[in-house]
Amino acid sequence: MKIDLTDTTASKINKALVQGRRAIGTPAVGMVLTLVIVTDEENAYDALKAASDAAHEHPSRTLVVIKRVSRSPRDRTQSRLDAEVRLGADAGTGETVVLRLYGEIVDHAQSVVLPLLLPDAPVVVWWPVNAPLDPAGDALGSLAQRRVTDTYASEQPVRDLAERAKAYAPGDTDLSWTRITPWRSMLAAALDQVACEVRAVEVEGEEFNPSCELLAMWLADRLDVPVKRSLSGGPGLTAVRMDTDCGPIVLDRADGSLATLSIEGQPDRAVALKRRETAELIAEELRRLDPDDTYASALRYGVDRLKSPSSPQAPAAPAAEPAKGDEGDKGDGPLALPAPVETAAKAPAEQATAKEPVKRAAAK
């Protein structure tokens, strides 16, 4: 069932929801949370489809807030709210209300959303694009227990990671962090199989992919060792190489779906590590509504402590010819690459090795 309301109010939308539930024979509200999606017209369809798929696991009232751009000065001074209410088969297992805001009401979206929130149910706000740098300080974000952003959709993801680290509040999370959950689980499981000390790590992935930075920061934070960030052609994360005193541990995924785990002294194993759809990422985030302390710790480690890698297409600088009597460059050991674009964390290796060795990391 679909109900279109033009130039309406939040009170009329609530009445339409009640009447719609009675008309389809489900007067009771069986929703477990309210999911507020703040997006634009261009990305509304994809975001709503992902939320509808996730609602099969988490029945929710989905409020899609679309802020329309007024073209003339006269339109910008006039406020209007249009709504589309979807129930039953048109909304899957939940309820959906698409809100289109015009004029001055665009700056006061929280006044429209607040009366439509389910009573005594948690609220999650998701920005698929154009997320604020301070989600908790946003008017809509302040209504929620969880605030979900996606740095991958940003024009300057590394800068946004640094800004969000400064403005972090309990309840903030990022789909770029959610994307690396299988990687963190696999790496932690690999380290549980050996009794070795990790001495250095290299994270390889495509440029402008904040998941690579977040994984590198998590490893540096948990293992307290130098972490190198190198570039590849993708897709996404392609490899993690750990140098240990028992030999290298390598998790390599070249095709974006199937990875190979190599541990010294053990046969190589193929592991499923496919790139997940947005609906799967949202469903994972809705499973937990408490603060993600592991994400907070990795984010606060500081992306500025990992130098930004340069483009992988740039040719490598020719090595200087050693002076007569010089032994020349011995190489960088097992982590050296033949055509590298590598960067290391600013903290020197001497400081890392001076501390108590950390042999394995646990994925929380």
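The lining of the second largest cavity in this predicted model is made up of 6 nonpolar, 2 polar and 2 charged residues. The nonpolar part of this lining includes L133, P135, A167, Y168, Y295 and L299, while R164 and D172 bring the charges and T149 and T173 are the polar members. Two elements, β8 (172-174) and α10 (293-301), each provide at least two of the lining residues. The volume of this second largest cavity comes to about 50 Å³, and a search of the whole structure turns up 3 cavities of 30 Å³ or more.

Turning from cavities to pockets, the largest pocket holds about 620 Å³ of space. It is lined by 29 residues, and those closest to its centre are R179, R276, E277, T278 and L281. Three elements give two or more residues to this lining, namely α2 (41-54), α7 (181-192) and α9 (278-286). Of the contributors, α2 gives the most, with 6 residues. Sorted by class, the pocket lining contains 14 nonpolar, 5 polar and 10 charged residues.

Two of the elements that line the largest pocket, α2 and α9, also pack against one another. Their axes come within 8 Å and cross at roughly 55°, and the two helices are therefore oblique to each other. The crossing of α2 past α9 is right-handed. On the α2 side, the contact involves A50, D53 and A54, which meet T278, A279, I282 and A283 of α9. By class, these contact residues split into 5 nonpolar, 1 polar and 1 charged. Here T278 makes a link worth following on screen: this residue takes part in the helix contact and is also among the residues closest to the centre of the largest pocket.

A further helix pair is formed by α5 (residues 157-166) and α8 (residues 210-223), which pack at an angle of about 45° with their axes 9 Å apart. That angle makes α5 oblique to α8, and the crossing of the pair is right-handed. The contact is built from P157, V158 and L161 of α5 together with P210, E213, L214 and M217 of α8. In terms of class, the contact of α5 with α8 has 6 nonpolar residues, no polar ones and 1 charged residue. Helix α5 also spans R164, a residue that belongs to the lining of the second largest cavity.

Terms used. Residues numbered from 1 in each chain as written. Predicted model: local features only at pLDDT ≥ 70, side-chain atom pairs only at ≥ 80, totals over all residues. Heavy atoms only, no water. 1 Å grid on protein atoms, 1.4 Å probe; cavity = no way out; pocket = protein on both sides within 12 Å on 5 of 7 lines; lining within 4 Å. Points joined across faces, edges and corners; volume = space filled by probe spheres on them. Helix = DSSP H or I, 4+ residues; strand = E, 2+ residues; numbered from the N terminus. Axes fitted to C-alpha atoms, helices over the stretch in contact; angles between N-to-C directions. Parallel < 35°, antiparallel > 145°, perpendicular 65-115°, else oblique. Left-handed = near helix turned anticlockwise from the far one by under 90°. Contact = heavy atoms within 4.5 Å.
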